[in-house]
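Here are a few exercises to work through with the structure open in your viewer. Try each task before reading its solution.

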Amino acid sequence: MPVFDLVIENGTVVNSRGAFEGKVAVKNGRIAALLAGDVPAEAKEVLDARGLMVLPGLVDAHVHCGHGTPEREDFACVSRAAAAGGTTLMVDMPLSEPTTVTVEALEGKIASAGKQSVVDFALYSGIIPGHLDDIESTFSAGAQTYKIFTCRCSNYPMTYDGALLKGMRTVGKLGGMVCAHAENDTLIQELVDDLQAAGRNDARAFLDSHPEYTELEAVNRFIFLAGLVPECRAHICHLSIADGVRAVREARGRGMNNLSIETCPQYLALDEDDLVEGGAFAKCDPPVRRRETVEELWKYVLDGTVDMIASDHSPHSFEKKTAEGGDFWTVSEGCTGVQTLLPVVLTEGRKRGLSWKRLVELCCTRPAELFGLSGRKGDIAPGLDADFALVDPGAEWVLKDEDLFYRNRWSPYTGKTFRGKVVKTVVRGRTVFDGGKICAEEGYGTFCPMDMKGRNGQP
């Protein structure tokens, strides 16, 4: 009988095929076998998961780790928060100092993150003016998804349609994916100018400057461009509107098979009242929407139209999330969320009939497939990395700021009650989070290059 390094037993294991009572055996950091509960298995370490759900470690494919802006966040803090939330791999966005649109910037971030992170990580590159010639080299370096903005965003340049189309053609030839923040810049800015001229500086004014049509127009434009380059995988980030999902579904009905959709916990749990009444911690871009839109969006999450859920963890200091002189326009946009991704989706989803299998598809399996990581991550199956989130499904708890591992300990969910709690997180066979404490040293996490050329990442 083989001696395994680790066996997890007595839990309910959930993978892409469903749920079963059994054991998971681990050897050399990878899943060696799935065993029936009555099959004996000898191991150096045994984790008793009685009463717990054993999920694949989450793949959070939209995280801003704050590289180069330590007042916001760094890989050490955000990776600890990821571990506490059951996320075992996070994909970091290119909006950093410097932006990761060159091989040199990528190598610098890999080296820095590799010394800090306690969970595994992958990296985006980007398509921005002046760096189209860097696409092929960053693809070869393992950053094979390319972020673009159809609107202005702090220090990250907006990508105009001509440059975007040219970049999509290059990415398509390589086999990569372009990921869009889809909002119409001029429609929004015109409204901002009018509202500010009228003396409006409240939270409702921010919402009024971002009506749903400003997002829908950009979604439709991105779909149109993706139709011109069918070999390029086209991914819409943090979609907040049901009309946008319907536009993608209609395009798929016309035979477009290169489109994928991501939404985020804030668009499934929060609404406009949370922003108006709760204030700046819920300010994000696109903004939270009407409660009716939230419920419509959930329908498409449950029926399989939405591919995946990611946090869009976008931290800021308390000063940046405080309105200067009561002026809400001065508040930075972005929600923290990597630590609360699983509890928010689990709590809100179970109210609406979300199954454990669908949860795994949304937060583990599908993100790994889309981002070229399914050869290692996103499921519980022999040969994959031994990444697990052990969840107590019945635990009810209230989020407190002191529970957070972020550098700036705030959350739009502080004070909210959740049902379902991560009690243990395992990365490559090693426990990195247990009972509220981090168990791994900085630098345990490793860089995982994307592999979009083979079967991984297929739409």
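**Exercise 1. Which way do the side chains of β13 point, and are they buried or exposed?**

Solution. Start with the two sides of the strand: Leu259, Ile261 and Thr263 point one way, while Ser260 and Glu262 point the other way. Next, check the burial: all of these residues are buried. That fits the count for the strand, since β13 (residues 259–263) has five of its five residues buried and is mostly covered. Keep in mind throughout that this is a predicted model.

**Exercise 2. Find the strands that pair with β13, and follow the chain into it from β12.**

Solution. Step one is strand β12 (residues 233–236), which runs parallel to β13 and is joined to it by three bridges. One pair to click on is histidine 235 with its bridge partner in β13, serine 260. Now trace the connection: from β12 the chain passes through helix α8 (residues 242–253) before reaching β13, a β-α-β crossover that is right-handed.

Step two is strand β14 (residues 308–309), which pairs with β13 over two bridges, again in the parallel sense. Here glutamate 262 has methionine 308 as its bridge partner in β14.

**Exercise 3. Take three salt bridges, give the N to O distance of each, and sort the partners by exposure.**

Solution. There's plenty to pick from, as a search of the whole structure finds 37 salt bridges.

- Aspartate 208 and arginine 200: their side chains meet at 3.3 Å, N to O. Aspartate 208 has a relative accessible area of 34%, so call this residue partly exposed. Arginine 200 comes out at 27%, also partly exposed.
- Arginine 352 and glutamate 348: the closest N and O atoms of this salt bridge are 3.0 Å apart. Buried means under 20% relative accessible area. Glutamate 348 has 14%, so this residue is buried, whereas arginine 352, at 22%, counts as partly exposed.
- Lysine 357 and glutamate 361: the closest N and O atoms of this one are 2.7 Å apart. Both residues lie in helix α13 (residues 356–370), four residues apart, or about one turn of the helix. Lysine 357 is partly exposed at 32%, and glutamate 361 is partly exposed at 22%.

To finish, look for salt bridges that share partners: they join Arg30, Asp120, Arg376, Lys377, Asp385, Asp387 and Arg428 into one network.

**Exercise 4. Which residues of the largest nonpolar core touch the most other members?**

Solution. The largest nonpolar core has 134 residues, and the ones to highlight are Leu55, Met90, Val91, Met168, Val178, Phe371 and Leu373. Then ask where the core's members come from: α13 gives the largest share, seven residues. Apart from this core lies another, of 16 residues, including Val26, Leu47, Val54 and Phe388. As background, nonpolar side chains tend to be buried together in soluble globular proteins.

**Exercise 5. Check the span of α11, then work out how its buried residues are arranged.**

Solution. First, the span: α11 (residues 291–302) has 12 residues and reaches 17 Å from its first C-alpha to its last, close to the 16 Å expected at 1.5 Å a residue. Second, colour the buried residues, which are Thr293, Val294, Leu297, Trp298, Tyr300 and Val301. Third, look down the axis of α11: the buried residues fall within an arc of 165 degrees, so they line one face of the helix. Finally, step just past α11 to glycine 304, where phi is positive, at about 95 degrees.

Terms used: Residues are numbered from 1 along each chain as its sequence is written. This is a predicted model: local features need pLDDT of at least 70, side-chain atom pairs count only at pLDDT 80 or more; totals for chains, interfaces and linings use all residues. Side-chain values use heavy atoms; hydrogens and water are left out. Buried means under 20% relative accessible area, exposed over 50%, partly exposed in between (1.4 Å probe, protein chains only). Two strands pair if DSSP finds at least two bridges between them. A crossover is right-handed if, with the strands pointing away from the viewer, the path from the first strand over the helix to the second runs clockwise. A salt bridge is a side-chain nitrogen of Lys or Arg within 4 Å of a carboxyl oxygen of Asp or Glu. A nonpolar core is a set of buried Ala, Val, Leu, Ile, Met, Phe, Trp, Tyr and Cys residues joined through side-chain atoms within 4.5 Å. The expected span of a helix is 1.5 Å times one less than its number of residues. The arc is that of the directions from the helix axis to the C-beta atoms.
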